[in-house]
Structure formats: structure tokens, C-alpha cells
Amino acid sequence: MSDDPRTDLKGTGYELFMLLLSLLSIANAVIVILTGPASVGHQVAFTIEVAITPFFLSDFVYRLLSTRSKRRYLVRRWGWADLLAIVPFLRVFRLVRIYLVVREGRRVGRERLAEDLFVSRASTTFLFTVFLVIAVVEFAGMAEYYVEQGVPNANIVSAGDSIWWGLVTITTVGYGDQYPVGEGGRLVGTILLFAGIGLFSVLTGFIANFFLAPDLPRRRARLAPGTPAAEMAALHELLAEQERQHAAVRAKLHDLERSMLSRTREGGANPARAVDGS
């Protein structure tokens, strides 16, 4: 969808990821504003805001470099709001991008968005899993920091400690430099361990498939012609190509239907008569 000149969406999966990250960032801004600097929520939320700043910087650079007119993006498409939203204290400007993405998604239509998500389901799953990792680490770290306060011999005593502990735990690395001491902290750690097994199994599976799975045309070229393995590779390649063509035809048909409906509303003509020419 990012190559379609009729829409500013950079791919449904990518826009969904940035939308969720923007909502999380705005929620963090609310937490920072409503809580005092000494509170657990304030410290952890602010630390996460700083940590996810590269995502918003990369988003601005990506949109700026991929647009046909940089001036149009910066002025008419509210690129200046994306630029300001890079600063953690100004993430409220991401509301502008959220509004534009939702409006553009409604214009494109649910069917087209669903088709784009299906075609790019692998990358969409990967991005959604990355978002879940960020959100789970933040709120688990926040809960851990809160329940460990005042516990004798506690070693999770800062926002940095709690986030580092969350990352180490969710990846199942377990360095052991930070760990829960109290019963409440161990309960939070247990929940995070199970969440980490599920989330990182998806991430590692995606990364392994991306780097280790050979490209179908190259694999087919290496296989001896006429063998069952070569025929199976050819069928997989044909099926993948048919899925891409099917998605392209459905998208074109959807655009034609919307165009015809728009012309019908403007001219007041009968759609059926417009099709058969009678």
C-alpha cells in the first residue's frame, strides 16, 4: 500500500504499529503529568519515553524520504507535527498522525486494509510483537518496581533497574543482577516469564525464518529438474504469486467500485445502467 500514490499510508501493518506506539506514548505522557517525579509510574513512563524516541525519529525520516513532495508532507500533511513529536515532552502531537491515519484508513476501506494485512501478515505480526514486548516490559517493570519498594534487601530500586530486569526476564536470559525478593515481585516475575516465552518465540521464529529460509526461486534453481522436490518448490512459488495477484485484483476492483459509486452519487445515475451502457 505504501507504493499507492492515492494514499499516504505506509503499509497497514506499519501504520498500526506506529499508531499503537503513539497511543502508548500519549498514555505515558498522561502518567508523567498526573504523577509526581518521585512516583514509580512517573519514573518508568519517562524512561520508556526516552527509550522509544528512536522509533518516532525513524518514522519522521522514513515519511520525509518516501514522500514525493517534502514540502507538501511538512506543511500540508502535518509533517511538522511528526517532527515535534520526536521530543518526549511533545508526544501529544502524535494525535495529529493518529487522526490522519484513521481518516485515511476509513477512506481506503476495511476490505482493502484487511487484504493488505493478509498479504503482509508476517511483518505485521513481527511489528505487533515488538509493540507487545515494549508495553509488557514497561508495565511489568512498573508493577515490579512498585511492589519491591520497601522490601528488605530489594535490589530493584530504580526505574532503570526495573526496566532492565523486565528485558532480561522477558528474553529468558536471566543474568541475575536484578531479581525480585518479595512475594509480590516473584508473582510479577512469573507472569512476565510466561509472557516472554510466548512473545520471544514469535520473534525468534520470524528472525530465523527470515535469515535461514532460502528464497523459493533460488532453491528451485538448485534442485534437480523433474524431481518431486523441484515440483513442490515450483507449486509453492506459483501459489505465492497467485496470492499476490489475487490481492492486487481485489484492491483494483475495490478502487473501481468506490470510483463508480462516487460518480453515481455525483451524477445521480443508475449504477446498473452505467455499467451496461443502456
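Me: Buried means under 20% relative accessible area, exposed over 50%, and partly exposed in between (1.4 Å probe, protein chains only). Are Arg97 and Asp82 buried or exposed?
Reply: This is a predicted model with residues numbered from 1 along each chain as its sequence is written, and side-chain values use heavy atoms, leaving out hydrogens and water. Local features need pLDDT of at least 70 and side-chain atom pairs count only at pLDDT 80 or more, while totals for chains, interfaces and linings use all residues. For the pair in question, Arg97 and Asp82 are both buried.

Me: How many helices does the protein have?
Reply: Helices (H or I, at least four residues) and strands (E, at least two) are DSSP runs, numbered from the N terminus. The number of strands is 0. From the N terminus on, every element in the run is α. The helix count is 13.

Me: What share of the residues is buried?
Reply: The protein has 278 residues. It exposes about 16,800 Å², with carbon and sulfur atoms supplying 66% of that area (Shrake-Rupley method, 1.4 Å probe; for residues, only the protein chains shown count as cover). The buried share of residues is 36%.

Me: Arg97 forms a salt bridge with Asp82. How many residues apart is the pair?
Reply: In this salt bridge (a side-chain nitrogen of Lys or Arg within 4 Å of a carboxyl oxygen of Asp or Glu), the closest N and O atoms of Arg97 and Asp82 are 2.7 Å apart. The pair links distant parts of the chain, with Arg97 in helix 6 (residues 94-108) and Asp82 in helix 5. Their separation is 15 residues.

Me: Arg107 forms a salt bridge with Glu104. Which of the two is buried?
Reply: Both residues lie in helix 6, 3 residues apart, about one turn of the helix. Their closest N and O atoms are 2.9 Å apart. Arg107 has a relative accessible area of 39%, so it is partly exposed. At 10%, the buried one is Glu104.

Me: How far apart are the closest N and O atoms of Arg186 and Glu183?
Reply: The two are 3 residues apart in helix 10, and therefore separated by about one helical turn. Arg186 is partly exposed at 46% relative accessibility, whereas Glu183 is exposed at 63%. Their salt bridge has its closest N and O atoms apart by 3.7 Å.

Me: Is Glu49 buried or exposed?
Reply: Glu49 sits in helix 2. Beyond residues up to four places away in sequence, it touches Ser25, Asn28, Pro88 and Arg91 (contact: heavy atoms within 4.5 Å). Because its relative accessible area is 3%, Glu49 is buried.

Me: Which residue's side chain makes a polar contact with the side chain of Glu49?
Reply: A polar contact is a pair of N or O atoms within 3.5 Å; within protein, one must be able to donate a hydrogen and the other to accept it, and residues adjacent in sequence count only if both atoms are side-chain atoms. Here the distance is 3.0 Å. The partner of Glu49 is Asn28.

Me: How far does helix 2 reach from its first C-alpha to its last?
Reply: Helix 2 has 12 residues. The expected span is 16 Å at 1.5 Å a residue (1.5 Å times one less than the number of residues). Close to that value, the helix reaches 17 Å.

Me: What covers the buried residues of helix 2?
Reply: The buried residues of this helix are Val40, Gly41, His42, Val44, Ala45, Ile48 and Glu49. At the start of the helix, a side-chain oxygen of Ser39 reaches to within 3.3 Å of the backbone nitrogen of His42. The cover includes helix 1 (12-34), helix 3 (53-66), helix 8 (121-148) and helix 9 (159-170).

Me: Which backbone oxygen does the side chain of Thr67 reach?
Reply: Thr67 lies in the loop between helix 3 and helix 4 (70-75). At 16% relative accessibility, it counts as buried. Leaving aside neighbours within four places in sequence, Thr67 contacts Lys10 and Tyr73. At 3.4 Å, its side chain reaches the backbone oxygen of Ser69.

Me: What is the phi of Trp78?
Reply: Trp78 is in the loop between helix 4 and helix 5 (79-84). It counts as partly exposed, because its relative accessibility is 36%. Although Trp78 is not a glycine, its phi is positive, at about 60°.
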